[in-house]
Amino acid sequence: MKVIATLIMFVFMFAGNGFAGEKQLSLDGSTTVGPIAKAFAEYFMKNDPNLNISVSESGSGNGAKSLISGNCHIGCMSRPMKDKEFKMAVENNVTPTPHVIALDGIAIVVHPSNPAKALKMEQVKEIYLGKISNWKELGGPDMKIVVVSRDSNSGTFETFNKLVMNKGNVVNTAETVGSNGAVRSRVQSTRAAIGYVGLGFVDNSLKALEIDGVYPSKKTIQTGVYPIARPLYMYTDKYPKMGSLVYQFVTFYLTKDGQQLVEEIGFIPCTSY
Amino acid sequence: MKDSLIISKRANRLRRLASLLANGGLLTVTSLSMIIVIFIILFIARDALPFFKLEGFKEFFTSTSWYPAGDPPQFGAMAIFYGSLMVTLGASMVAVPLGIFAAVCLSDVLPFQVKQVVKPVIEILAALPSVAYGFFALVILAPIMQTRGPRLFGIAAWVALVPAALLAAYFLRGFVDSRIRNEKFRKATRNITFVMAIFGFFVIISRISSFFSGLTVVSGTNALNVSLILGIMALPTIVSVSEDALNSVGRELRENSYALGATRAETVFKVVIPAASSGIVAAVILGVMRAIGETMVVWMASGNSSQIPQPFYNFLSPVRTLTATIAGDMGEAAHVQGAPRYHVLFAMALALLLISFVSNLISEWAVKRSRKKLRGESS
């Protein structure tokens, strides 16, 4: 896959040399940030046909690696860079500079008929570890909890795993589904279910729970009160030169269009407009 | 004369060249499919073997902890193998009896005009894309199972078992009939037996039915859901292949049987089905293969939890299969080429390939054996 992507990139590069004034931008990294980067790239390329922006999704670690080795202009990451990566970057004369382009919040959802309103982070973790297996133990009705989780591919799973599970393994009786939409459809049709979805997928057919006393919403995530949320980064080498293409790209999230795009994909913009 | 000879010589050479080319072309095309199969096996094996080199065999086959993205990763696939087995068994329990009876009905019971309509309709089942089945299973069948499942199971128990009970009672009556010599005594006894048997069976059925009604279905995406849907998906294959087999038995055998005074039921069960058994076995194996290899439905509706159900025959528990695991874990794994997490999926694919290879061999063998047997009997 990666080889093919690189090949295609090369082809584009050579083809691109033929056109005068074509501008190149390449991004690599997290699969969570990928959709945002792609949406931004589409927007940029629509407005300027001479632009050529390639977005690869190979995971945060690879994003950092590509940025350090100079293989991409922007490294997309769903976690901050580690000390080790920083050190390696500096040794390669790269100064990684983070830009938080959006926030990612995950809501814990249950069936609307479920009397539960709020859970503690610790309780959510214990449910997913299988230590709590009946709603009765949480003061609810006597129903076995149907734990709905996501496949290990998913960026939402990755976030949940990091912020809630803290590297604990999800109990193997948990059901695994392939998308946020599928979690929603399982939870809205199953009375005893609990699931987690990106905030953008919460609607009236589900009940989002307060976690540690905070209800998940745009506001609580933006103010950083809601615990299951994290910033999403784009890393550049130094702060980009004002007015350059990279600069325009990593500050696009500040514009109204950029924020709308972020919200359309189900993430939360960092700034309220 | 001389001229024409030369021309014909040249024409001959051309013709020979053309036939050589045509033969070569056909050979290439034919061997292409074989070469593709060989290459698929080679490439899958090439990516599967490093997994066993990195992680060994023990964990893969004996552990049920499947955490490929965990820290440290765990690759216990036993529960996943079990899930595949369970779903396949479930699907064949649905599809095999239904399929064979439907095939018998099509070939020996229904009049020709009705059959012309029914068979294509059954075959439409095969034309539906599997994602449509999966959507149905996830969005319609799963919620129904959760809300009304137990009551429906109760009804289904009646529907399935009443005909079986009647048949059994009838056979029991025949058995009693054949055992008692006394003429007067016999009539009374056999009728009493019949009534008693029916009564007994009904008590048993109502027990079973109320047991089913008392169950609670916690989650509608489970092994039963998938088994039903896969069974329906395997049905057209089984019906049409075994119907062809039953048809190819031919008129002579049937008419001979009738001429000997056999009833239609006797003819079907004692002559036609045994004669067509090789084709029926092939049909069943083809259908079962479809169930093993199906991915989309299983990924959407089996619940995908890598556990061995408690107790092991609990079809109301979510399970995870090999195919669904490959589909579900592929995306991210493609980015970690070389890691065990990538190779483990190929190990699973190799296992699937071996399973289908072995079952193909078994079906070949069964077909050959029964053909030999038939030939032996006829000669």
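Two strands are taken as paired where DSSP finds at least two bridges between them. In the predicted model described here, strand β3 (residues 74–77) of chain A meets this criterion on two sides. Three bridges join β3(A) to strand β1 (residues 23–29) of chain A, and these two strands run parallel; within the pairing, D28(A) stands opposite G75(A). Four bridges join β3(A) to strand β11 (residues 229–237) of chain A, in this case with an antiparallel course, and C76(A) is placed opposite M234(A) of β11(A). In a regular strand, side chains alternate between the two faces of the sheet. In β3(A), I74(A) and C76(A) point one way, whereas G75(A) and M77(A) point the other way, and all are buried.

Chain A as a whole contains ten helices and eleven strands. The C-alpha atoms of chain A fill a box of roughly 70 × 35 × 30 Å along the principal axes. The radius of gyration of chain A is 21 Å, which agrees with the value near 19 Å for a compact globule of 273 residues. Of these 273 residues, 46% count as buried. Among contacts in chain A with a separation of 6 or more, 71% are accounted for by residues 24 or more positions apart.

The largest nonpolar core comprises 73 residues, of which I36(A), A102(A), A107(A), I108(A), V109(A) and V148(A) touch the most other members. Strand β4 (residues 96–110) of chain A provides the largest share of this core, with eight residues. When residues up to four places away in sequence are left out, the contacts of A102(A) include I36(A), L232(A), Y253(A) and V262(A), together with F267(A), I268(A), P269(A) and C270(A). A second core, separate from the one above, has 50 residues, among them V104(B), I285(B), V297(B) and W299(B).

Between the chains, 24 residues of chain A are in contact with 30 residues of chain B. On the side of chain A that touches chain B, β7 (175–177) and α7 (180–189) each supply at least two residues. By class, that side of chain A has five nonpolar, 13 polar and six charged residues. The predictor assigns the complex an ipTM of 0.71 and a pTM of 0.76. For chain B, the mean pLDDT is 84, and 94% of the residues reach 70 or more.

Several loop residues were also examined. N93(A) lies in the loop between α4 (83–91) and β4 of chain A and has a positive phi of about 60° although it is not a glycine. N93(A) counts as exposed because it has 9 C-beta neighbours inside 10 Å. K238(A), in the loop between β11 and α9 (245–250) of chain A, likewise has a positive phi, near 60°, in a residue other than glycine. With 10 C-beta neighbours inside 10 Å, K238(A) is therefore counted as exposed. N166(A) is placed in the loop between α6 (155–165) and β7 of chain A. This residue, N166(A), is exposed, since 9 other C-beta atoms lie within 10 Å. The C-alpha atoms of N166(A) and K125(A) are separated by 8.6 Å, the two residues being 41 residues apart along the chain. In chain B, a cis peptide bond joins Q310(B) and P311(B), with omega about -15°; P311(B) is located in the loop between α11 (296–301) and α12 (322–333) of chain B.

Notes. Residues are numbered from 1 along each chain as its sequence is written. Chains are lettered from A and ligands numbered from 1 in the order in which they are written. This is a predicted model: local features need pLDDT of at least 70, side-chain atom pairs count only at pLDDT 80 or more; totals for chains, interfaces and linings use all residues. A nonpolar core is a set of buried Ala, Val, Leu, Ile, Met, Phe, Trp, Tyr and Cys residues joined through C-beta atoms within 7 Å. A residue is buried if 20 or more other C-beta atoms lie within 10 Å of its own, exposed if 12 or fewer, and partly exposed in between; C-beta atoms are placed from the backbone. Two residues are in contact if their C-beta atoms, placed from the backbone, lie within 7 Å. Ala, Val, Leu, Ile, Met, Phe, Trp, Tyr, Cys and Pro count as nonpolar, Asp, Glu, Lys and Arg as charged, and the others, Gly among them, as polar. pLDDT is the predictor's confidence in each residue, from 0 to 100. The radius of gyration is taken over C-alpha atoms; the globule rule is 2.2 Å times the number of residues to the power 0.38.
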